[in-house]
Amino acid sequence: MFSLWWKERWVRGLVLALSPIGLVDAMFTFLLFQAHGPEFEYNPIVRFVLINEWWFVWVVIDIVSFVFLAMIAGSYYVHTRKSIFGNRTGWLSFLIALRVGAALYNVLTFYIDSYPIFWTALGAILTYFAVGHLLSRERDLSIAGFKRYWRAKYDRVHDSLITRGLKMEEVEESTSEPEPIPTSRTVWLKRAGYLAMVIVVFVSTPFVLTAVGILTGGLFWNEIFGGSFFWNTTAGQSFLAGFAVVLILITLMMYFMMKAFSTSEGAW
């Protein structure tokens, strides 16, 4: 489990790219401890180690543990990706995303000196999906495959531009009407479920934006700065966070709507 990841070149690169995150997490944990004191560290074990000046031990454990985690994830993927029992890499992706989120939180807190929980959660979610997508692949990544993929994309766009002005010959259709395909109750239940998710996301939008306003401080603008509005760190952070959340919610609603209209076994 600690050596199989080295056999595949792109898995090797992925493990080596993830390994320095443990160093970043340990370094900024120690810097935050020096800047803010032991009250800033939430983990009681880490707080105990740093208070007793065993920081070197904590740094080594933090780095080595994450490197081992990345090795295990890569080796597990190589070992199980063609298994008949499936490739269960979701829990490994979750652990990696959790560690990446913790490191990102420490970095943002040290440099911005604010409450960057939103960006930390967003970075962890993106890391979870990115690592999960990589660890669920059935084909190896390569430079030749990357070039072939984008070449095929270019050829499709090129062909569509060339044939855009051509008219297709009309083919006479038979007069017999196809028999209607019966739609099962399960399909309609799926459609209703997807539409219900659209409604849930739409109804929860004000509450999500209120939570974003509380986290970024924008909801307390009048209490802090009065009735006049001007751009500052709080306004910019609140605007960017709200804009990103609105885009994410709209994307979710469009996704569920498309899933409802594209459910198999019968159209609307």
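Me: A pocket is an open set of points on a 1 Å grid over the protein atoms alone, where a 1.4 Å probe fits, with protein on both sides within 12 Å along at least five of seven lines; its lining residues have an atom within 4 Å of a point. Which residues of this model lie nearest the centre of the largest pocket?

Reply: This is a predicted model, in which local features need pLDDT of at least 70 and side-chain atom pairs pLDDT 80 or more, while totals for chains, interfaces and linings use all residues. Residues are numbered from 1 along each chain as its sequence is written, and side-chain values use heavy atoms, without hydrogens and water. Nearest the centre are Leu98, Gly101, Ala102, Tyr105 and Asn106, among 21 lining residues. The volume of this pocket is about 460 Å³, meaning the space filled by probe spheres set on the points, which are joined across faces, edges and corners.

Me: What makes up the lining by class?

Reply: Nonpolar residues (Ala, Val, Leu, Ile, Met, Phe, Trp, Tyr, Cys and Pro) number 14, charged ones (Asp, Glu, Lys and Arg) two, and polar ones (the others, Gly among them) five.

Me: Which helices each supply at least two residues of that lining?

Reply: Helix H2 (20-36), helix H5 (90-112) and helix H6 (117-134) do so. H5 gives the largest share, seven residues.

Me: Why is the chain described as having 10 helices and zero strands?

Reply: Helices are DSSP runs of H or I with at least four residues, and strands are E runs of at least two, numbered from the N terminus; therefore the chain, with 10 of the former and zero of the latter, reads α-α-α-α-α-α-α-α-α-α.

Me: What share of the chain is buried?

Reply: Of the 268 residues, 31% are buried, that is, under 20% relative accessible area with a 1.4 Å probe, protein chains only.

Definitions and conventions: Buried means under 20% relative accessible area, exposed over 50%, partly exposed in between (1.4 Å probe, protein chains only).
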